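Thank you all for coming. I would like to walk you through a structure that is new to most of us, so please have a look at it first.

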Amino acid sequence: MVAEELNFLKAAEKLYMTQPALGRQITALEKELNVQLLIRSTHGMKLTPAGKYLQKEWKKQISKFDDSISNAVKIQEGYSGKLTLGILETLDAELFVNPAIKVFEKEHYDIKLKLKRYSFGQLREMLLDDKLDIIVTYYLDIKDEKDIECKKICEFHPVWVVPKTNKLSKKKKISWNDMVNEEIITNSDEVFGRELIRRECKNATGKEPTFYFTDSIEETVLRLETGNRCAIMNKELTIAKSKKVKTFAIDSYDKENSYFAVAWKAGIDDVRIDELVKEMVK
């Protein structure tokens, strides 16, 4: 205030204190800093070069301090900061992820939302390791995890994905009996599809299916597009729309658990996550 007014009387009035008391505070500050801040004379006062420098720098620091408090309040209330959302690999995000994100970012423009794609196992592990704040994956894959909370988003529809190089692609309809002698591709960390195939195949034919394991969904997709093996995927995944494969509906599957879900780490109290979940499950 003194630096702005360059007048002890006016500055003291604005600070609701006496002129002598303000003068003593300035003298004490100069002594503590070992820097002369003001040049006093009968013609008034002015800032020393050191005083001008400190005035400029302290204004910056005060502004940063005020901004930090404002940002802290926003974070506490869930209006800023950042969230990292993990999405299942090859999931067609336009189905429900992108529309929810557009609304969320419009209403919460101070929250920076990062998007990442991973496999089933990676999503679960990275969520539990606090490397992701929220994930979109298969409901069955995380519903029994005690450290994860989740909500169903929408039903998915498993289909047989058959490369057009496979003779089965010429059929109008295929059954579990058709698949018993096929080598079926499955991701090594994916449980739902493999158990579905094993159960239904055994119920229909009395035989165990033969599996070909891949390390990632990308490898599964590559094998489907370039090989002769079949797989059960979801028609909501991009591979199901490839011109290199043909899809066939599956009539018998676990409809109660056939959902995509949005999930987050249990015990986390974060209104930003709450708001994003709310948009996801609309």
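Helices and strands here are DSSP runs, numbered from the N terminus, with H or I over at least four residues for a helix and E over at least two for a strand. On that basis the protein has eleven helices and twelve strands. The radius of gyration, taken over C-alpha atoms, is set beside a globule rule of 2.2 Å times the number of residues to the power 0.38. For this protein the radius is 32 Å, well over the 19 Å that the rule gives for 282 residues, so the protein is more spread out than a compact globule. Along the principal axes, its C-alpha atoms fill a box of roughly 105 × 35 × 30 Å.

I should say that this is a predicted model, in which local features need pLDDT of at least 70 and side-chain atom pairs count only at pLDDT 80 or more, while totals for chains, interfaces and linings use all residues. Residues are numbered from 1 along each chain as its sequence is written, and side-chain values use heavy atoms, with hydrogens and water left out.

Buried residues (under 20% relative accessible area, against over 50% for exposed and partly exposed in between, with a 1.4 Å probe and protein chains only) make up 43% of the 282 residues.

Let me close with helix 10, residues 217–226, where Ile 217, Thr 220, Val 221 and Leu 224 are buried. Seen down the helix axis, the buried residues fall within an arc of 95° and so line one face of helix 10, the arc being that of the directions from the axis to the C-beta atoms. The face turned away from that buried side carries the exposed residues Leu 222 and Thr 226.
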